[in-house]
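Open the model in your viewer and keep the sequence panel in sight. The tour goes from one chain as a whole, to the contact between two chains, to a single residue.

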Amino acid sequence: MTSSFLPLTRRSLAGSWRGLLGWTAGFAAAITLYIPLYSSFAGDDAGFQSVIDSIPEALASTLGFENLSSGAGYVQATFLGLIGFALITIAATLWSSAAIAGEEEAGSLELTLAHGVSRVQLMIESSLSVVLRLIWVMAVSGLLILGLNESSGIEIEPVNILGGILALLGLGVLSASFGLAVGAMSGRRSYASAAAAGVSLAGYVLNSLGNQSADVEWLHNLSPYHWAFGNSPLRDGADWGALGLIYGIAALALVVGGFFFNRRDVAV
Amino acid sequence: MTYAIETIGLTKRFGHHTALNSMDLAVETGSVFGVIGPNGAGKTTAMRLLLDIIRPTAGSATVLGRSPIAGGAALRKEIGFLPGELLLTGRVSGRSLLRHYAEISGPVPPQRVDELAERLGLDLSRHVRQLSKGNKQKLGLIQAFMHEPRLLVLDEPTSGLDPLMQQEFLQMVREAQHKGQTVFLSSHMLSEVQHAADQVAVLRNGRVVTAGDIASLRASAVRRVYVDITDASADHIRTALSALPQLGDLSVTTGDIIQVTGTVEGHIDALVKAIAPFHVVDLRVEEQDLESSVIDLYAAEARNDK
């Protein structure tokens with residue numbers, strides 16, 4: 001046995017643990033700042049719902065604030081649908097564009113590919129490194145929410161926390177898969193970033209537009225954001241069909257990216 | 001005769017630009033083969049095609065008996081490659097970077113990395129991004145040589161190395177050859193490869209202009225000569241030298257020290273004998289830059305074609 005297990009993934013993770021530590025702290029800060037505020041801010045007796053009721057409905061629905069009075073609604077509106085979504089989109093964009101396109105622009109991809117590594121192996125191991133980091137920040141987030149579940153009074157069914165986290169992770173993986181695929185096809189970091197951020201942003205915008213009226217509600221069908229959160233996973237549990245669709249499209253994007261990566265010139 | 005590298009009509013176009021134009025090359029197994037040519041001649045393109053980093057537009061290449069595409073990762077494990085533009089980044093030590101490459105292209109014999117680092121005088125504990133250009137080049141050489149591949153493909157291997165390290169590099173090439181490894185290296189200076197290579201191909205504008213053994217190539221190379229002479233008249237010198245057919249661009253200054261400059265094609269024997277009667281205070285013979293040498297060869301080929 002001359003080659004060891006997943007050498008490229010291990011090297012990528014070894015080179016990025018400092019950044020990952022910072023991102024972990026960021027997710028943890030968002031959760032520990034927002035969730036304990038629930039009881040004083042948005043509980044049944046805090047009267048915050050009346051404030052929400054007083055702001056224009058269109059704005060409230062755009063921000064996903066319709067249902068703040070339940071713990072599940074509060075966590076959905078503050079973390080899952082907003083801060084957490086923004087953070088994971090940024091992380092997925094940065095990591096996925098750095099993985100192949102970033103290495104190619106920095107000039108190190110040429111030497112790696114000159115060694116005993118196939119393009120497909122590089123695509124798989126680079127993607128795995130990004131996905132493992134996304135799983136890590138989402139696992140930490142899920143455990144923190146679970147830890148604060150009782151004390152903050154949000155009282156979400158633990159299995160539904162898993163459902164919500166899988167939905168947010170799915171959006172992160174989808175964003176990263178587009179970044180990885182476009183980076184692998186083009187070798188351009190800017191294109192990869194645009195694809196990763198674009199797919200997240202487009203999903204968010206389509207969802208918000210679809211919220212505005214029944215006439216444009218069909219836009220929800222095009223929004224991965226709505227697939228993930230439309231069925232309120234924190235309240236009603238994971239929507240396995242929607243999760244399958246999101247992860248399936250992500251996997252397809254990676255396959256397409258790998259297919260073209262295997263056929264193009266590198267570092268020209 | 002077996003060939004470590006054989007290309008037939010190998011062509012690479014980027015859009016309208018032809019980087020490599022129907023290159024035919026045969027590198028014997030166990031030989032040291034140098035490709036020389038000015039920047040943009042297609043040396044790097046040819047090497048990247050052999051490593052399957054880029055794909056040919058036309059023609060074919062056979063490396064260690066296989067095509068680079070079909071050979072894939074297994075073939076590349078048997079090749080040590082030094083890229084022309086070695087960009088090493090990252091917060092890792094040289095040792096850890098080499099360990100990583102050893103994992104994917106190994107196995108590397110124990111102590112091999114330390115032995116090479118000691119020979120080249122490289123500190124492996126330093127972070128790669130802190131290394132100077134020369135030290136990065138040494139790290140690049142180590143990662144190419146360490147797993148003792150059957151074929152070494154080295155793009156401008158001596159660039160950034162001081163003369164002492166260039167000598168050490170030449171020694172490493174000789175040792176590789178003794179072990180039966182084939183070395184394919186490039187340079188833009190003939191003088192850099194003449195000590196290392198048995199065979200040379202000159203590349204220009206993506207074409208092989210000439211190929212052959214070093215001795216015959218050197219014999220046809222053009223050199224620039226500088227001679228300083230005292231106690232003679234300029235006219236006398238000019239008359240003595242203008243009879244030499246190999247001498248061109250002759251210029252003779254007047255004064256106490258008469259400075260004679262010119263170019264010599266082929267052997268310099270006739271010139272040395274022609275200046276022997278004079279009092280020569282200085283004589284320098286410089287190889288012209290390859291660009292001019294190649295132009296000369298190119299022109300000669302064109303004459304022969306007529």
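Select chain A first: of its 268 residues, 51% count as buried. Bear in mind throughout that this is a predicted model.

**Chain A as a whole**

Color chain A by secondary structure. The chain has 12 helices and 0 strands, and reading along the sequence gives α-α-α-α-α-α-α-α-α-α-α-α. Now turn on the C-alpha trace, which spans about 65 × 40 × 30 Å along its principal axes. The radius of gyration of chain A is 20 Å, which agrees with a compact globule, because a globule of 268 residues would have a value near 18 Å. If you display contacts within chain A at a separation of 6 or more, 76% of them join residues 24 or more positions apart.

**Where chain A touches chain B**

Show both chains and select the residues in contact. How many residues of chain A are in contact with chain B? The selection holds 28 residues of chain A, set against 27 residues of chain B. Next, select A:E110, A:L111 and A:H115, which supply 25% of the area that chain A buries against chain B, more than any other three residues. The two chains bury about 2,500 Å² between them, with 51% of that area on carbon and sulfur atoms.

Then look at the polar side of this contact. Between chain A and chain B the count is 16 residue pairs in polar contact, both residues at pLDDT 80 or more. Which elements of chain A give two or more residues to the side that touches chain B? They are α1 (7-34) and α6 (108-114). Select α6(A) in particular: with 6 residues, this helix gives the most to that side. Colored by class, the side of chain A that touches chain B shows 10 nonpolar, 10 polar and 8 charged residues.

There are 3 salt bridges between the chains. To see one of them, select A:R10 and B:E103 and show side chains: their closest N and O atoms are 2.7 Å apart.

**A stop in chain B**

Finally, select B:T45, which lies in helix α1 (residues 43-50) of chain B. Is B:T45 buried or exposed? B:T45 counts as buried because its relative accessibility is 12%, and the cut-off for buried is under 20%. Show its neighbors next: leaving aside residues up to four places away in sequence, B:T45 touches B:K12, B:F14, B:A19, B:L20 and B:I54.

Notes: Residues are numbered from 1 along each chain as its sequence is written. Chains are lettered from A and ligands numbered from 1 in the order in which they are written. This is a predicted model: local features need pLDDT of at least 70, side-chain atom pairs count only at pLDDT 80 or more; totals for chains, interfaces and linings use all residues. Side-chain values use heavy atoms; hydrogens and water are left out. Contact means heavy atoms within 4.5 Å. Buried area is the accessible area (1.4 Å probe) that two parts lose on being put together, summed over both. A salt bridge is a side-chain nitrogen of Lys or Arg within 4 Å of a carboxyl oxygen of Asp or Glu. A polar contact is a pair of N or O atoms within 3.5 Å; within protein, one must be able to donate a hydrogen and the other to accept it, and residues adjacent in sequence count only if both atoms are side-chain atoms. Helices (H or I, at least four residues) and strands (E, at least two) are DSSP runs, numbered from the N terminus. Ala, Val, Leu, Ile, Met, Phe, Trp, Tyr, Cys and Pro count as nonpolar, Asp, Glu, Lys and Arg as charged, and the others, Gly among them, as polar. The radius of gyration is taken over C-alpha atoms; the globule rule is 2.2 Å times the number of residues to the power 0.38. Buried means under 20% relative accessible area, exposed over 50%, partly exposed in between (1.4 Å probe, protein chains only).
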